[in-house]
Amino acid sequence: MFDNLRPISLSDRAAEEVRKIMETKNIPADYGLRVGIKGGGCGGVALLIGFDKQKDTDLAYTIAGIPVYVDKKHTMYIIGKEVDFYDGEDARGFTFVDLPTEAKAKEGLPAET
């Protein structure tokens with residue numbers, strides 16, 4: 001059921017920044033980009049991004065040569081999102097954005113997510 005699912009995508013800017021971090025910050029070779037959630041309940045969830053080893057409960061796929069890991073339980077919270085990288089005068093960092101309907105269709109995702 002989850003074999004071809006890619007719940008999240010990376011913008012070109014985000015992929016470039018992830019590769020740069022992996023090369024310059026001594027991220028171990030067997031680690032990949034982990035995207036998921038933290039929290040839950042009344043306060044909702046917070047989306048998170050980091051580097052980690054693959055686990056048995058992960059969806060694993062590759063985007064632009066970057067291994068991406070998502071715990072299957074987190075899929076419903078992040079499906080249809082894109083990780084982007086913002087680099088402005090006021091701030092710098094990764095952001096999560098909702099994909100437009102056309103982009104969701106390209107990724108094979110339902111438009112209403």
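**Entry 1: getting my bearings**

I started with the whole chain: of its 113 residues, 36% count as buried. I noted at once that I am looking at a predicted model. I then looked up the secondary structure and found 3 helices and 7 strands. Reading from the N terminus, I wrote their order down as β-α-β-β-β-β-α-β-β-α.

Next I looked up the contacts with a separation of 6 or more, and 54% of them join residues 24 or more positions apart. For the surface, I noted that the chain exposes about 7,200 Å². Carbon and sulfur atoms supply 50% of that exposed area.

**Entry 2: helix α1**

I moved on to helix α1, which takes in residues 12-24 and so counts 13 residues. From its first C-alpha to its last I read 18 Å, close to the 18 Å expected at 1.5 Å a residue.

Which residues of α1 are buried? I listed Ala14, Ala15, Glu17, Val18, Ile21 and Met22. They cover an arc of only 165° around the axis, so they sit on the same side of α1. On the other side of the helix I found Asp12, Arg13, Glu16, Glu23 and Thr24, which are exposed.

What covers the buried residues of α1? My list includes the strands β1 (8-10), β2 (31-39) and β3 (45-53). It also includes β5 (66-71), β6 (81-87) and β7 (92-98).

I followed the chain a little further too: just after α1, Asn26 takes a positive phi of about 55°.

**Entry 3: salt bridges**

A reminder to myself before this search: side chains of opposite charge can pair when their charged atoms come close. Searching the whole structure, I got 9 salt bridges.

I looked up Asp84 and Arg13 as one pair, and their closest N and O atoms are 2.6 Å apart. Asp84 belongs to strand β6 and Arg13 to helix α1, so this salt bridge ties together parts that are 71 residues apart in sequence. I checked how much of Asp84 is accessible: its relative accessibility is 13%, and it counts as buried because the cut-off is under 20%. Its partner Arg13 is one of the exposed residues of α1 that I listed above.

Back inside α1, I found Glu17 paired with Lys20, the closest N and O atoms being 3.6 Å apart. These two are 3 residues apart in the helix, so about one helical turn separates them. Are the two partners buried or exposed? Glu17 is buried, with a relative accessible area of 10%, whereas Lys20 is partly exposed at 40%.

I then saw that this pair has company: Glu17, Lys20, Asp87 and Arg92 are linked in a network of salt bridges.

One more pair went into my notes: Asp52 forms a salt bridge with Lys55, and here the closest N and O atoms are 3.3 Å apart. Lys55 is partly exposed, with a relative accessible area of 43%.

**Entry 4: a nonpolar patch**

To finish, I went back to the surface. Which residues make a nonpolar patch there? I found Val45, Met76 and Tyr77, and together they make a patch of about 300 Å². I placed Tyr77 in helix α2, which is made of residues 75-78. With a relative accessible area of 35%, Tyr77 is partly exposed.

Conventions:
Residues are numbered from 1 along each chain as its sequence is written. This is a predicted model: local features need pLDDT of at least 70, side-chain atom pairs count only at pLDDT 80 or more; totals for chains, interfaces and linings use all residues. Side-chain values use heavy atoms; hydrogens and water are left out. Patches are made of residues with over 30% relative accessible area and no salt bridge: like charges are joined within 9 Å, nonpolar side chains (Val, Leu, Ile, Met, Phe, Trp, Tyr) within 5 Å. Accessible areas come from the Shrake-Rupley method with a 1.4 Å probe; for residues, only the protein chains shown count as cover. A salt bridge is a side-chain nitrogen of Lys or Arg within 4 Å of a carboxyl oxygen of Asp or Glu. Helices (H or I, at least four residues) and strands (E, at least two) are DSSP runs, numbered from the N terminus. Buried means under 20% relative accessible area, exposed over 50%, partly exposed in between (1.4 Å probe, protein chains only). The expected span of a helix is 1.5 Å times one less than its number of residues. The arc is that of the directions from the helix axis to the C-beta atoms. Contact means heavy atoms within 4.5 Å.
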